[in-house]
Amino acid sequence: MDFIRAIVANDLKTNKWGGRVVTRFPPEPNGYLHVGHAKSVCLNYGIASENSGVFHLRFDDTNPTKEEEEYVQSIIEDVRWLGADFGEHLYYASDYFEQMYEYAVQLTKAGKAYVCDLSADEIREYRGTLTRPGKNSPYRDRSIEENLDLFARMRAGEFPDGSRVLRAKIDMSSPNLNMRDPVIYRILHATHHRSGDNWCVYPMYDWAHGLEDSIEKITHSICTLEFADHRPLYDWFLDQLGVYHPKQIEFARLNLTYTVMSKRKLIELVQGGFVNGFDDPRMPTIAGMRRRGYPPEAIRNFCEAIGVAKTDSTVAVELLEHCVREYLNKIAPRLMAVLRPLRVVIENYPEGQVEELDAVNNPEDPAAGTRKAPFSRVLYIEREDFMEDPPKNFYRLAPGREVRLRYAYFIKCREAVKDADGNVAELRCTYDPATRGGDAPDGRKVKATLHWVSAEHSLPAQARLYDHLFTKENPGDVEEGMDWKSNVNPRSLETLEGCRVEPALSGATPGSRVQFERLGYFCVDPDSAKGKLVFNRTVSLKDEWARIQKAQRK
């Protein structure tokens with residue numbers, strides 16, 4: 001049990017919230033969710049569901065200049081895809097704009113808020129630093145009546161953007177900079193994606209955050225560590241207003257190697273053309289992971305594996321890939337595909353003959369059954385499975401060498417036919433009819449088993465091979481004068497044309513996941529069209545996390 005669940009369990013034991021557990025995930029609709037948000041979704045939904053509680057999805061839509069309906073819809077889709085059921089509990093901060101405004105009026109009437117005419121730069125200057133206390137605004141001692149009048153006129157749209165703000169009156173000498181008369185409302189003549197032009201004053205996040213939790217009767221307001229210094233302000237607002245007061249709890253955010261977790265930086269990657277949109281499979285966005293073929297179950301398993309901590313740390317992306325690989329191993333059907341085809345002609349196989357060989361769909365799941373794989377005189381194998389002059393320990397196909405074809409026969413290479421440029425264009429081989437199924441009656445052994453497809457029956461496809469988006473574990477590790485984008489991996493995507501896949505994939509639909517034997521796990525991309533499937537490599541078969549763990553043990 002993690003420390004947050006321990007807090008919830010104790011609250012239930014002491015009946016602190018009347019036996020209720022109500023959590024929420026409160027994204028700002030100013031970007032796409034990423035895997036760091038997935039950790040928060042899984043944590044909040046998990047705690048609610050484990051305790052027969054309620055989970056809210058609430059949009060903190062308080063900044064109309066950066067928010068879009070596109071982001072709202074993508075977040076709803078992502079949260080549902082992750083398996084977090086919010087049911088009827090979908091809310092928006094904009095639903096509470098009138099109530100939050102009235103709370104601000106209440107605070108002003110109590111002499112705890114004032115209208116300030118300082119510019120944004122002046123407010124920063126007056127605020128002070130960690131070592132120097134702030135100083136009072138010259139407008140701090142305005143009368144309650146004047147403040148109420150000015151705030152009402154701000155709402156009415158009398159003043160231009162940036163000319164005035166409403167600030168809480170707390171303590172300009174507080175060691176916590178967040179308590180030095182923070183701004184709670186600013187003038188912003190902008191059209192909101194839900195409320196239109198009804199408002200020209202908008203609440204700041206720190207003001208809205210706690211009030212939204214209070215209005216929705218949240219019990220445990222779970223957020224990341226950067227909000228720990230904001231908790232005294234969260235508490236102060238609710239206490240001054242005398243309203244329902246949830247408990248704020250902070251946990252460490254997720255940091256992942258070879259990627260960035262900043263919405264701003266993800267937007268830069270898209271706008272700079274480093275990736276092909278927010279759902280690019282190289283992105284750590286939920287949309288990108290879904291398109292790459294990551295199952296939601298694997299992401300949930302990853303979030304459970306990394307746990308919940310009170311201190312920041314960085315998690316190896318290999319652990320995420322391990323969780324994806326481990327889950328797909330159980331459920332993904334195994335099929336054969338050749339990504340870099342080399343033509344093989346079996347000279348002693350009858351022309352025109354086709355055999356339907358039995359192939360196992362998933363040895364981890366007997367219920368998955370078998371399929372028929374067509375075998376014919378002309379096949380394709382992987383180009384890298386043949387070498388003319390093989391080095392020691394290369395056991396695959398070579399002149400005069402015999403190998404096994406998966407589910408089929410032993411074949412022996414007799415000749416390599418080259419094109420005009422001297423490149424191997426075709427292999428001439430023979431097969432042993434007695435070895436059907438992959439074993440020799442005379443007991444002879446071979447050291448390699450290759451995958452293959454029938455040239456006549458296989459389907460054309462494109463394969464997109466994805467690698468880490470950055471060349472360094474920490475993309476922010478840069479030389480002087482460079483920025484984090486200089487570490488973008490120029491080889492993070494390799495696109496292969498002319499691939500061939502088994503005919504069993506003819507009906508594959510976007511999102512379908514499969515293991516290509518010996519090659520990795522792949523997912524059908526939405527770019528697929530009739531007559532040309534497109535596959536994204538989800539993850540390779542090689543488990544780097546196992547290697548890392550082994551090295552750590554040593």
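**Close-up 1. What the buried residues of H1 pack against.** The buried residues of H1 pack against H2, strand S8 (220–224) and strand S9 (247–251). This is a predicted model, so keep that in mind for every view here. On H1, the residues that count as buried are Phe3, Ile4, Val8 and Asp11. They sit on the same side of H1, because the arc they cover around the axis is only 145°. That fits the usual helix arithmetic: with 3.6 residues a turn in an α-helix, residues three or four places apart point the same way.

**Close-up 2. H1 meets H2.** Here we look at how helix H1 (residues 3–13) packs with H2: the angle is about 30°, and the axes are 11 Å apart. The crossing of these two helices is right-handed. H1 brings Ile4, Arg5 and Val8 to the contact, while H2 brings Leu43, Gly46, Ile47 and Glu50. Sorted by character, the residues of this H1–H2 contact come out as 4 nonpolar, 1 polar and 2 charged. Ile4 and Val8 turn up twice, then: they are among the buried residues of H1, and they also take part in the contact with H2.

**Close-up 3. The largest nonpolar core.** This core has 41 residues, and the ones touching the most other members are Leu57, Val79, Leu256, Ile299 and Phe302. Quite a few elements chip in at least two residues each: helices H2 (35–50), H3 (69–81), H10 (286–292), H11 (296–306) and H12 (317–331), plus strands S2 (54–59) and S10 (254–256). H12 gives the largest share, with 7 residues.

**Close-up 4. Around Phe302.** Zooming in on phenylalanine 302, and skipping its neighbours within four places in sequence, we find it in contact with Val35, Leu254, Leu256, Val315, Leu319, Leu320 and Cys323. One of these partners, Leu256, is itself on the list of residues that touch the most other core members. Apart from this core lies another one, of 37 residues, including Phe159, Trp207, Leu241 and Val243.

**Close-up 5. Met154 and its surroundings.** Methionine 154 belongs to helix H6 (residues 144–156). Its relative accessibility is 0%, which is why it counts as buried. Leaving out neighbours within four places in sequence, methionine 154 is in contact with Val115, Phe159, Arg164, Val165, Leu166, Ile187, Cys200 and Val201. Take the arginine on that list: methionine 154 and arginine 164 are 10 residues apart in sequence, and their C-alpha atoms are 7.8 Å apart in space.

Conventions
Residues numbered from 1 in each chain as written. Predicted model: local features only at pLDDT ≥ 70, side-chain atom pairs only at ≥ 80, totals over all residues. Heavy atoms only, no water. Core = buried A, V, L, I, M, F, W, Y, C linked by side-chain atoms within 4.5 Å. Buried < 20%, exposed > 50% of the residue type's maximum accessible area, 1.4 Å probe, protein only. Helix = DSSP H or I, 4+ residues; strand = E, 2+ residues; numbered from the N terminus. Contact = heavy atoms within 4.5 Å. Axes fitted to C-alpha atoms, helices over the stretch in contact; angles between N-to-C directions. Left-handed = near helix turned anticlockwise from the far one by under 90°. Nonpolar A, V, L, I, M, F, W, Y, C, P; charged D, E, K, R; others polar. Arc of directions from axis to C-beta.
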